[in-house]
Amino acid sequence: MSQPHQPSPRTNSDHGSSWIKTDHNTYNIFRQYHGMFPTYDPENSAYFDQFSDSSTFSHVSDDCFHDRPWYGGFGSSLVEAIHQTYFAPFLNATTFHLMNWFYNSLSSKSLGDLDRLVNNVILADDFDRDDLQTFSAAREAKRLDDAHKCAESPVFSSADGWHETSIHITLNCESKPMEEAAAPKFAVEGLHYRKFTEVLKAAYREVAANTFHVAPFKLFWQPDEDEPPERIITELYTSDAMLQEHKNIKASRQESGC
């Protein structure tokens with residue numbers, strides 16, 4: 001969406017705040033920003049692949065936005081470790097393929113599961129039967145269960161802002177009423193969490209952050225210049241809630257260096 005080179009801010013009745021607007025695009029849609037235009041608009045570099053996901057469409061080969069792995073949300077430590085040794089915590093690729101097939105197939109095997117065993121495991125380029133000479137399913141399952149307990153493990157790494165904690169659940173018995181403070185408690189150990197700020201930091205380190213709208217705006221459709229524009233709310237960044245929070249942040253007292 002194009003922007004006027006020299007926008008003329010106008011003051012509306014919204015508490016005397018100043019709004020500036022973009023030109024109408026080919027669909028007669030325009031935006032209103034509070035105070036100033038953003039320095040970066042992710043839609044200026046958008047292309048068709050980012051708005052379509054059909055398997056029948058051809059895609060740009062270097063589209064990095066489709067390459068984010070499912071485990072990317074755990075943090076960069078895990079992503080880097082998997083890129084270096086994708087079969088970890090297992091000792092070799094053969095064991096990884098076999099255990100991956102086991103955990104991702106149904107408990108009651110089907111012909112499709114058998115096909116995947118042959119095509120994805122036995123016929124894999126890095127499959128080596130010698131790696132299975134001393135194979136033990138129980139040992140490899142335990143290796144997977146204990147992987148995150150290692151201090152050097154990239155899973156739930158403290159470098160990515162992960163913390164480990166435990167919670168206590170009060171156990172009340174209907175047949176024996178008692179005060180909640182006196183009731184026995186059950187400890188649930190090994191829970192991992194990240195603070196909200198750490199989640200935000202991780203999100204903005206992702207390549208996909210290039211597509212984020214960090215400056216909210218109002219979106220309007222005006223097919224007829226003689227008629228008032230119609231407000232369009234399609235995403236969080238076009239909602240009144242985010243616009244108000246954006247105003248609050250800009251009006252708040254800033255710390256030195258921010």
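Visitor: Which residues line the largest cavity?
Guide: In this predicted model, the lining of the largest cavity consists of Arg 31, Tyr 33, Pro 38, Tyr 40, Asp 41, Pro 42, Phe 212, His 213, Val 214 and Ala 215. The volume of the largest cavity is about 40 Å³, and the structure holds 1 cavity of 30 Å³ or more.

Visitor: How do the residues of this lining divide into nonpolar, polar and charged?
Guide: The division is 7 nonpolar, 1 polar and 2 charged. Asp and Arg count as charged, and the lining includes Arg 31 and Asp 41. Tyr and Pro count as nonpolar; among the lining residues of these types are Tyr 33 and Pro 38.

Visitor: What volume does the largest pocket have, and which residues are the closest to its centre?
Guide: The volume of the largest pocket is about 730 Å³. It is lined by 24 residues, of which Ile 82, Ala 88, Pro 89, Leu 144 and Val 155 are the closest to the centre. Two or more lining residues come from each of helix 1 (76–84), helix 2 (93–103) and helix 4 (137–145). Helix 2 supplies the largest share, 4 residues. By residue type, the pocket lining divides into 18 nonpolar, 5 polar and 1 charged.

Visitor: What joins Ala 88 and Pro 89?
Guide: A cis peptide bond joins Ala 88 and Pro 89, with omega at about 10°. Pro 89 belongs to the loop between helix 1 and helix 2.

Visitor: Why is Thr 95 called buried or exposed?
Guide: Its relative accessibility is 3%, and the term buried applies under 20%; Thr 95 therefore counts as buried. Thr 95 is placed in helix 2. Beyond its neighbours within four places in sequence, Thr 95 is in contact with Phe 90, Leu 132, Phe 135 and Glu 140.

Visitor: How many aromatic pairs are found, and why is the pair of Phe 30 and Phe 220 called stacked?
Guide: A search of the whole structure gives 9 aromatic pairs. The ring centres of Phe 30 and Phe 220 are 5.3 Å apart and their planes lie at 15°. Rings pair if their centres lie within 6.5 Å, and planes under 30 degrees apart count as stacked; both conditions are met, so the pair is stacked.

Visitor: What makes this pair a tie between parts of the chain?
Guide: Phe 30 lies in strand 3 (residues 29–34) and Phe 220 in strand 6 (residues 218–221), so the pair ties together parts 190 residues apart in sequence. With relative accessibility at 2%, Phe 30 counts as buried. Phe 220 is buried as well, with a relative accessible area of 12%.

Visitor: Why is the pair of Tyr 33 and Phe 217 called tilted?
Guide: The planes of Tyr 33 and Phe 217 stand at 50°, with 5.3 Å from centre to centre. Stacked requires planes under 30 degrees apart and edge-to-face requires over 60, so an angle of 50° leaves the pair as tilted. The two rings are 184 residues apart, Tyr 33 in strand 3 and Phe 217 in the loop between helix 5 (196–205) and strand 6. Both Tyr 33 and Phe 217 are buried. Ring pairs also link Tyr 33, Phe 37, Phe 217 and Tyr 237 into a cluster.

Visitor: How do you know that the charged end of Arg 31 sits over the ring of Phe 217?
Guide: The charged end of Arg 31 is 4.4 Å from the centre of the Phe 217 ring, and the cut-off is 6 Å, together with a position within 35 degrees of the ring normal. Similarly, the charged end of Lys 218 sits over the ring of Trp 19, 4.5 Å from its centre.

Visitor: Why does Ala 203 count as buried, partly exposed or exposed?
Guide: Ala 203, in helix 5, has a relative accessibility of 26%. Buried means under 20% and exposed over 50%, so Ala 203 counts as partly exposed. Apart from neighbours within four places in sequence, Ala 203 is in contact with Ala 209 and Phe 212. Its C-alpha atom is 7.8 Å from that of Gly 73, which is 130 residues away along the chain.

Visitor: What value does phi of Asn 28 have?
Guide: Phi of Asn 28 is near 60°, a positive value in a residue other than glycine. Asn 28 lies in the loop between strand 2 (18–21) and strand 3, and counts as partly exposed at 29% relative accessibility.

Definitions and conventions: Residues numbered from 1 in each chain as written. Predicted model: local features only at pLDDT ≥ 70, side-chain atom pairs only at ≥ 80, totals over all residues. Heavy atoms only, no water. 1 Å grid on protein atoms, 1.4 Å probe; cavity = no way out; pocket = protein on both sides within 12 Å on 5 of 7 lines; lining within 4 Å. Points joined across faces, edges and corners; volume = space filled by probe spheres on them. Phe/Tyr/Trp six-rings, centres within 6.5 Å; stacked < 30°, edge-to-face > 60°. Buried < 20%, exposed > 50% of the residue type's maximum accessible area, 1.4 Å probe, protein only. Contact = heavy atoms within 4.5 Å.
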